[in-house]
Amino acid sequence: MSSIALNLRTRPSGRPGALGLGISTLWLSLIVLLPLAAVVVRSTEGGFDTFWNAVSSRQAVAALRFTLEVSLLSTLINAVCGTLIAWVLVRDRFRGKRLVNALIDLPFALPTIVAGLTLLALYGPRSPVGINVAFTQFAVLLALLFVTLPFVIRSVQPVLLELDRDMEEAAASLGARPGVIFARVIMPALLPAILSGAALAFARGVGEFGSVVLISGNVPFDTQVASVFVYKQIESDNPGGAAAVSVVLLGLSLLVLVAIRTAGAWGSRHER
Amino acid sequence: MSVDRPTRIGLRVVALGYLAVLLLVPVGLVFYRTFEKGLGFVWDSITTPAAIHALFLTLEVAAITVPLNAAFGVLAALALVRGRFPGRRLLDALIDLPFAISPVVVGLALLLVFGRTGWLGPALADAGIQVIFSVPGIVLATVFVSMPFVVREVAPVLKEIGEEQEQAAATLGAGAWQTFWRVTLPAVRWGLAYGVVLSTARAIGEFGAVSVVSGKIAGETETLTLLVEKRFQNFDLAGAYAASALLALIALGTLLAMSVIGARKSEA
C-alpha cells in the first residue's frame with residue numbers, strides 16, 4: 001500500500017515525464033552521441049597503431065602540449081582574478097557596479113570570432129597603444145583569458161552572496177586580521193565553487209577555436225593549438241588524423257565533466 | 001570581513017583594471033574602428049548582398065534551432081527532475097557534453113556521420129537530402145552546441161517549485177497534459193526564457209562547428225560569423241569590423257535581455 005502511495009506521490013506527471021525521457025534520450029543520442037561515436041570509431045579504423053601514430057606525431061604532440069599548458073595557465077589566472085572580481089562585485093560598493101556586473105557575461109554573449117578580432121584590434125599590428133602580440137603564444141593566452149573570464153566569477157558570486165558573515169565577524173572579534181580571515185574562513189567556503197568554475201574554464205580553454213584562430217597565426221610547434229590542428233587536418237582531407245586528436249580532446253572533456261560531478265557530489269555530501 | 005578603505009579601493013582598482021584591459025577597451029575599440037569611417041560606410045558594408053544573405057541565414061538557423069532546443073530542454077528537464085529511472089545520472093551528465101567539447105570536434109563528428117563518406121551520408125544523399133555543406137548541417141551543428149542551455153536553466157527551477165501544485169492539479173482531476181500546460185510550464189517560464197536567450201546568442205554566434213560543416217559557400221552557407229572571418233582574411237578589415245559590430249550589438253542585446261529576465265527569475 002505504502003509503496004503505491006509513494007508512487008502516486010512522486011509521479012503526478014508520469015506521462016510527460018516518460019515521454020520526455022524517451023524523446024530527449026533519442027534526440028541526444030541522434031545528435032550528440034552517434035556523431036561522437038563516429039569520431040571514436042574513425043580514429044581507430046586503421047587499428048591502434050594508426051591512432052597512436054596520428055596522436056604521437058611531433059606536430060600533434062606539440063599542439064596538444066601547448067593547448068594544455070596555455071589552458072592551465074589561463075585557468076589559473078582567471079581563478080585568481082575571477083575570485084577577486086567576484087569579491088569586489090559582492091562586497092564592494094561603487095557607482096556603475098550593476099553595469100559592470102552585467103558586462104561580465106559579455107564573453108559568453110559575444111561570438112568567439114568577434115572576440116578574437118576584438119583582441120586583435122587592441123593588441124595586434126594596428127594597436128593604438130603600441131602593443132603587438134599577434135601570432136605569439138601570449139596572444140593565445142589572452143584569447144583564452146577573454147573567453148573563460150565569466151566561469152569562475154559566475155560560480156563564486158552566488159556562494160559569496162550566501163556566505164554567512166557572522167563567522168567572519170566572530171573571527172575578527174577574536175583578533176584575526178583580514179588576511180587570516182580570508183585564508184581561514186572565506187577561502188575554504190569558496191574553494192568548491194572556484195574549482196568547479198575553473199574546471200569549466202579549463203574544458204572551454206582546451207577546446208577553444210573561434211577566438212584563437214585569427215590571433216594565433218597558427219604557427220606549428222609554436223602557437224598552434226589542438227582545435228586548430230584538428231581543423232587543419234580536416235581541411236587537408238585527413239579525417240583519420242583529425243579524429244585521433246579529437247579523441248584525445250574528447251577524453252579530456254569527459255575527464256573534466258567527471259571531475260566536476262565527483263567534486264559536486266562530494267561538496268553536497270559535506271554540506272549535510 | 002571588513003577590510004580597510006585603502007585595501008578595498010586597491011582591490012576594486014585591480015578588478016576593474018583587469019576587466020578594462022581584457023574586455024571593455026578592446027570591445028570599445030572595435031566599435032570605434034567600425035564607426036571611424038562614418039555611418040554610411042558601415043551601412044553599405046552590412047547591406048551588401050553577401051552580408052544580407054549571411055544575416056538572414058544566421059537568423060533562419062537560429063529560428064529553427066532555438067525552438068527545437070526549447071522543446072528538448074523542457075522535456076529533458078522534466079525527465080531529469082521528475083523522473084525516477086535507471087541511468088538518470090548518466091543522462092544528466094551526458095547533457096553537459098556539448099559544453100565541454102571543442103566546436104571543431106563537433107563539426108568533425110557531424111562530418112563523419114552525415115558527410116559524403118559518412119555513416120548516414122550516402123543513404124541521405126540517395127534520398128536527395130544534402131546535410132553537409134548545406135543548411136541542415138549548419139542547423140545540426142548549432143543544435144548540438146546549444147543543446148544544454150535550456151535544460152540547465154529549467155531543471156533547477158523545476159526542482160525548486162516542487163511537485164505540490166502539480167499534485168494539487170492532479171487531485172482536482174487535471175490530466176497530465178493539462179497539468180503541464182496550466183501549472184508546470186507557467187511556473188518555469190522565466191527559467192525557460194533565460195535559457196532561450198542564451199541559446200539564441202550561441203546560435204547566432206557559433207563559429208567553429210559551423211565553419212567545419214558549412215563549406216563556407218558565399219551567398220549560400222555563409223553565416224555572419226563566417227563572413228567576419230572571410231572579410232578579415234581578405235584584408236577587408238573595415239568590412240570585418242562592421243559585421244563584427246553588428247554581432248556585438250546582438251550580444252549587447254543579449255546581455256540586456258539576460259539582466260531583465262534574470263531579475264524576473266530571481267523575483268519569482
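What percentage of the contacts in chain A with a separation of 6 or more comes from residues 24 or more positions apart? Keep that in mind as you work through these exercises on a predicted model.

**Exercise 1. Describe the overall build of chain A.**

Solution. Start with the opening question: residues 24 or more positions apart account for 78% of the contacts in chain A with a separation of 6 or more. Next, take the secondary structure. Chain A has 13 helices and zero strands, and its elements, read from the N terminus, run α-α-α-α-α-α-α-α-α-α-α-α-α. Then turn to the dimensions: the C-alpha trace of chain A spans about 70 × 65 × 30 Å along its principal axes. Finally, look at burial. Of the 272 residues in chain A, 47% are buried.

**Exercise 2. Find the domains of each chain and work out how they touch.**

Solution. Begin with chain A. Its domain assignment gives domain 1 (1–43) and domain 2 (46–271). The C-alpha centres of these two domains of chain A lie 31 Å apart. Their contact takes five residues from domain 1 of chain A and eight residues from domain 2 of chain A. On the domain 1 side, the residues that touch domain 2 of chain A are three nonpolar, one polar and one charged.

Now do the corresponding steps for chain B. Here the domain assignment gives domain 1 (1–36) and domain 2 (37–267), and the C-alpha centres of these domains of chain B lie 31 Å apart. Seven residues of domain 1 of chain B are in contact with eight residues of domain 2 of chain B. The side of domain 1 of chain B that touches domain 2 of chain B divides into four nonpolar, one polar and two charged residues.

**Exercise 3. Characterise the contact between the two chains.**

Solution. First, count the residues: 77 residues of chain B are in contact with 74 residues of chain A. Second, ask which element of chain B gives the most to its side of this contact. That is helix 1 (residues 5–35) of chain B, with 15 residues. Third, sort the residues on the chain B side by class: 55 are nonpolar, 13 polar and nine charged.

**Exercise 4. Decide how helix 7 of chain A and helix 1 of chain B are oriented, and name the residues where they meet.**

Solution. Step one is the geometry. Helix 7 (residues 112–123) of chain A packs against helix 1 of chain B at an angle of about 85°, and their axes are 8 Å apart. Step two is to classify the angle. Angles of 65 to 115 degrees count as roughly perpendicular, so helix 7 of chain A and helix 1 of chain B are roughly perpendicular to each other. Step three is the list of partners. Helix 7 of chain A brings Leu117(A), Thr118(A), Leu119(A), Ala121(A) and Leu122(A), which meet Val25(B), Pro26(B), Val27(B), Leu29(B), Val30(B) and Arg33(B) in helix 1 of chain B. By class, the residues of this contact are nine nonpolar, one polar and one charged.

**Exercise 5. Explore the largest nonpolar core.**

Solution. This core has 171 residues, and those with the most contacts inside it are Ala143(A), Val245(A) and Leu108(B). Among the elements, helix 3 (residues 49–82) of chain B gives the most to the core, with 15 residues. Now zoom in on Leu108(B). Leaving out residues up to four places away in sequence, Leu108(B) touches Val39(A), Val230(A), Ile234(A), Ala242(A), Ala243(A), Ser246(A) and Val212(B).

**Exercise 6. Locate two non-glycine residues with positive phi, and say whether each is buried, partly exposed or exposed.**

Solution. Take Asp237(A) first. Although it is not a glycine, Asp237(A) has a positive phi of about 55°. Its place is in the loop between helix 12 (226–235) and helix 13 (239–271) of chain A. Asp237(A) counts as exposed, because it has 9 C-beta neighbours inside 10 Å.

The second is Lys216(B), which has a positive phi of about 50° and is not a glycine either. Lys216(B) sits in the loop between helix 13 (208–213) and helix 14 (224–233) of chain B. With 17 other C-beta atoms within 10 Å, Lys216(B) is partly exposed.

**Exercise 7. Place Val61(A) and give its separation from Gly240(A).**

Solution. Val61(A) is in helix 4 (residues 58–91) of chain A. Val61(A) has 13 other C-beta atoms within 10 Å, so it is partly exposed. Val61(A) and Gly240(A) are 179 residues apart in sequence, and their C-alpha atoms are 16 Å apart in space.

Technical notes: Residues are numbered from 1 along each chain as its sequence is written. Chains are lettered from A and ligands numbered from 1 in the order in which they are written. This is a predicted model: local features need pLDDT of at least 70, side-chain atom pairs count only at pLDDT 80 or more; totals for chains, interfaces and linings use all residues. Helices (H or I, at least four residues) and strands (E, at least two) are DSSP runs, numbered from the N terminus. Ala, Val, Leu, Ile, Met, Phe, Trp, Tyr, Cys and Pro count as nonpolar, Asp, Glu, Lys and Arg as charged, and the others, Gly among them, as polar. Domain bounds come from an automatic or database domain assignment. A residue is buried if 20 or more other C-beta atoms lie within 10 Å of its own, exposed if 12 or fewer, and partly exposed in between; C-beta atoms are placed from the backbone. A nonpolar core is a set of buried Ala, Val, Leu, Ile, Met, Phe, Trp, Tyr and Cys residues joined through C-beta atoms within 7 Å. Axes are lines fitted to C-alpha atoms, for helices over the stretch in contact, and angles run from 0 to 180 degrees between N-to-C directions. Angles under 35 degrees count as roughly parallel, over 145 as roughly antiparallel, 65 to 115 as roughly perpendicular and the rest as oblique.
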